[in-house]
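Welcome to a short set of exercises on reading a protein model. Keep the sequence and the 3D view open, try each task, and then follow the solution step by step.

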Amino acid sequence: QGEVGQAEACRQRAALAAQASTRFVLNPGRSGCRPRVLELLGRAAPARIAYLSCNPDTLARDLAALATKSSLRARRVSPLDLMPQTDHVEALALLD
């Protein structure tokens, strides 16, 4: 039973590692993602990306770049008021 249990634990870790590489969370600075990051994401072909942005201009630029480099599309963009009583609003884009 010991070897079977170890093999199953190893299989589960491998499955989690494979799944983790299909999902990414991005939270770049105001300048957005570097072109090399977008290129690598296009090649990696993740199943999903959650992109948190503090700059709508660079978010739009990066979403357009990801759309040309992969099959990912923004399915939803939601405003997030993470700093109440300021005029600053973040945006969370969900891509798949």
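Accessible areas here come from the Shrake-Rupley method with a 1.4 Å probe, and for residues only the protein chains shown count as cover. This is a predicted model, in which local features need pLDDT of at least 70, side-chain atom pairs count only at pLDDT 80 or more, and totals for chains, interfaces and linings use all residues. Residues are numbered from 1 along each chain as its sequence is written, and side-chain values use heavy atoms, with hydrogens and water left out.

**Exercise 1. Describe the protein chain as a whole.**

Step 1: Begin with the surface. The protein chain exposes about 6,700 Å², and carbon and sulfur atoms supply 57% of it.

Step 2: Turn to the inside. Buried residues make up 27% of the 96 residues in the protein chain. Buried means under 20% relative accessible area, exposed means over 50%, and partly exposed lies in between (1.4 Å probe, protein chains only).

Step 3: List the elements. Helices (H or I, at least four residues) and strands (E, at least two) are DSSP runs, numbered from the N terminus. The protein chain has three helices and four strands, and their pattern along the sequence is α-β-α-β-α-β-β.

Step 4: Look at the contacts, meaning heavy atoms within 4.5 Å. Among contacts in the protein chain with a separation of 6 or more, 57% join residues 24 or more positions apart.

**Exercise 2. Find the centre of the largest nonpolar core and say which elements build it.**

Step 1: Recall the term. A nonpolar core is a set of buried Ala, Val, Leu, Ile, Met, Phe, Trp, Tyr and Cys residues joined through side-chain atoms within 4.5 Å.

Step 2: Pick out the best-connected members. The largest core has 14 residues, of which L26, I49, Y51, L59, L66, A93 and L95 touch the most other members.

Step 3: Assign the elements. At least two residues of this core come from each of α2 (35–44), β2 (48–53), α3 (56–69) and β4 (90–95). The most come from α3, which gives four.

Step 4: Zoom in on Y51. Leaving out residues up to four places away in sequence, Y51 touches L26, P28, G32, C33, T58, L59, D62, A91, L92, A93 and L95.

**Exercise 3. Work out how the buried residues of α2 are arranged.**

Step 1: Name them. In α2, the buried residues are L38, L41 and G42.

Step 2: Look down the axis. The buried residues of α2 fall within an arc of 100°, so they line one face of the helix. The arc is that of the directions from the helix axis to the C-beta atoms. An α-helix has 3.6 residues a turn, so residues three or four places apart point the same way.

Step 3: Find the cover. Over these buried residues of α2 lie, among others, β1 (23–26), β2 and α3.

Step 4: Step past the end. A45 follows α2 and sits in the loop between α2 and β2. Its phi is near 50°, a positive value in a residue other than glycine. A45 is exposed, with a relative accessible area of 54%.

**Exercise 4. Is D62 buried or exposed, and which residues does D62 touch?**

Step 1: Locate D62 in helix α3.

Step 2: Check its accessibility. D62 counts as buried, because its relative accessibility is 0%.

Step 3: List its partners. Not counting residues up to four places away in sequence, D62 touches G32, C33, L38 and Y51.

**Exercise 5. Compare the surroundings of S70 and R36.**

Step 1: Recall that a polar contact is a pair of N or O atoms within 3.5 Å; within protein, one must be able to donate a hydrogen and the other to accept it, and residues adjacent in sequence count only if both atoms are side-chain atoms.

Step 2: Take S70, in the loop between α3 and β3 (74–80). S70 is buried at 16% relative accessibility, and its side chain reaches the backbone oxygen of L66 at 2.7 Å.

Step 3: Take R36, in helix α2. R36 is partly exposed, with a relative accessible area of 46%, and its side chain makes a polar contact with the side chain of E39 (3.1 Å).
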